[in-house]
Amino acid sequence: MIISPAKSLKGEITVPGDKSISHRAVMFGSIANGITEIDGFLMGEDCLSTIDCFRKLGIHIEILPGNKVKVHGKGMYGLQPPSDILYTGNSGTTTRLLLGLLAGQNFECTIDGDESIRRRPMGRVIKPLKLMGADISGQKDDNLCPLAVKGQPLHGIRYELPIASAQLKSALLLASLYAEGNTFLIEPEKSRDHSELMLNYFGANIITHELGIHSTPVSELYPQHITVPGDISSAAYFIVAGLIVPNSEITIKNVGINPTRTGIIDVLISMGGKIDISNTKTLNNEPVADITVKSSSLAGTTVEGAIIPRLIDEIPVIAVAAAAAKGTTVIKDAQELKVKESNRIKTVVTELSKAGVDIQETADGMIINGGNPITGAQFESYNDHRIAMSMAVAALIAESESTVNGAEAVNISFPGYFEILKSLRV
Ligand code: S3P
């Protein structure tokens, strides 16, 4: 994909449905009793992997025009043994949440994914699931895919999560629905809470107090109509683009603004970003609003501690904002970036360095001295959707044309990304 510098970006757009919420709507709909209708479903490759896995588990799922999905849920005990490997593609959310859901079934199955998934640590989920009674085995001390899951009777646990990971938390919550006795989880920092909100919307009994989460097993979940808000992680590219490209004003309609996801807004406002939130409403337990951004002069900042899980997927594009900002930005406590779709500390630092950005890798993040000219470059995506989209934003403020190689990676979470970007150019 060739990207030329932009003089100005203007317009009103929507972004595709939230990835985390789309996955969960299919999963929870599959184990609810009856038909769950989903509007605004993200038709990206990751969420289609989730649909594919649940079809293999015997669930009838219709994909309808206009990003609608109909899940014919068969109840808590309606999943069937798959005749094939459950292939999760590039999707960590599918892989980890499936582990939690399948640990307590009464059948066996195998889970596997692409090259990137085969490198990503699954032991963080498998270890506590084993404490609940699960039987899961895989490569490298039961840490890597392919993984064999032999369904077992489970029991509840009290567990302090060593990392703030919504995928880990959600896997354990799914297992807890099938366990005997109660489960109590404690997070080190609050991670996204879509599972808690949506499971309760489906009739589960999950009680949250500060960093503690209490779950009791359920015998039935009730089907729902879910309207998926726009993904703030997808909106993030246009939020940053609107701030750093001169003479710009962009409104992104109907974006999910769950506070466990809005770290990027807080950071960009603290950097001097002109960001306005309007028309706030609630859709199936999730807050939604329109976000308007205007060109702004940004200043460097420090991003660390409890905010990290609230913006973990946005760090690559925050690094682009930091490259455009005057002064130094320090990103700390973000070692989780090393085990995402690519090692995002390395890939962000390598790629932005190519464009002349003064950026250094640290053990748990990066340091960016911003405000210098950005040159056009040949960027690589490493097959990582968020690297491809972030470098395309950097390319907008470069002095000359850039190329993003492996740009098709955007289809993992944002089909149509480049078309929307093009539509904003004036
Ligand atoms: C997700 C949680 C995050 C995030 C991922 C989606 C989810 O991962 O990076 O893109 O839907 O639960 P971790 O929970 O591993 O931090």
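Is Ser-30 buried or exposed, and at what relative accessibility? In this predicted model, Ser-30 counts as buried, because its relative accessibility is 0%, below the 20% limit for that class. The residue lies in helix H1, which covers residues 19–30. Beyond its neighbours within four places in sequence, Ser-30 is in contact with Phe-54, Ile-59, Ile-61, Val-71, Gly-73, Lys-74 and Gly-75.

Attention then turns to the nonpolar interior. The largest nonpolar core comprises 78 residues, of which Phe-238, Ile-239, Met-366 and Tyr-417 touch the most other members. Helix H9 (residues 232–244) supplies the largest share of this core, namely 10 residues. Ile-239 is in contact with Ile-252, Ile-265, Leu-268, Ile-275, Ile-291 and Val-293, when neighbours within four places in sequence are left aside. Another core, of 66 residues, lies apart from the largest one and has Val-26, Cys-53, Leu-79 and Phe-202 among its members. In soluble globular proteins, nonpolar side chains tend to be buried together.

Aromatic pairing was examined next. The count of aromatic pairs comes to seven. One of them is formed by Tyr-77 and Tyr-178, with 5.5 Å from centre to centre and 85° between the planes, an edge-to-face arrangement. Tyr-77 is located in the loop between strand S5 (68–74) and strand S6 (86–87), whereas Tyr-178 belongs to helix H7 (residues 166–178); the pair therefore ties together parts that are 101 residues apart in sequence. The two partners fall into opposite accessibility classes: Tyr-77 is exposed, because its relative accessible area is 60% and the class begins over 50%, while Tyr-178, with a relative accessible area of 8%, is buried. In a further pair, the rings of Tyr-417 and Phe-418 have centres 5.1 Å apart and planes at 70°, so this pair is also edge-to-face. Both Tyr-417 and Phe-418 are buried. Ring pairs link these two residues with Tyr-237, Phe-238 and Phe-414 into a cluster. Phe-238 and Tyr-417 are thus named both in this cluster and among the residues that touch the most other members of the largest nonpolar core.

A charged residue was also considered. Arg-124 is found in helix H5 (residues 123–131) and counts as buried, because its relative accessibility is 16%. Its side chain makes a polar contact of 2.9 Å with the side chain of Glu-336. With residues up to four places away in sequence not counted, Arg-124 touches Arg-96, Asn-143, Ile-163, Ser-165, Leu-168, Glu-336 and Val-339.

Notes. Residues are numbered from 1 along each chain as its sequence is written. This is a predicted model: local features need pLDDT of at least 70, side-chain atom pairs count only at pLDDT 80 or more; totals for chains, interfaces and linings use all residues. Side-chain values use heavy atoms; hydrogens and water are left out. Helices (H or I, at least four residues) and strands (E, at least two) are DSSP runs, numbered from the N terminus. Buried means under 20% relative accessible area, exposed over 50%, partly exposed in between (1.4 Å probe, protein chains only). A polar contact is a pair of N or O atoms within 3.5 Å; within protein, one must be able to donate a hydrogen and the other to accept it, and residues adjacent in sequence count only if both atoms are side-chain atoms. Contact means heavy atoms within 4.5 Å. Rings of Phe, Tyr and Trp (its six-membered ring) pair if their centres lie within 6.5 Å; planes under 30 degrees apart count as stacked, over 60 as edge-to-face and the rest as tilted. A nonpolar core is a set of buried Ala, Val, Leu, Ile, Met, Phe, Trp, Tyr and Cys residues joined through side-chain atoms within 4.5 Å.
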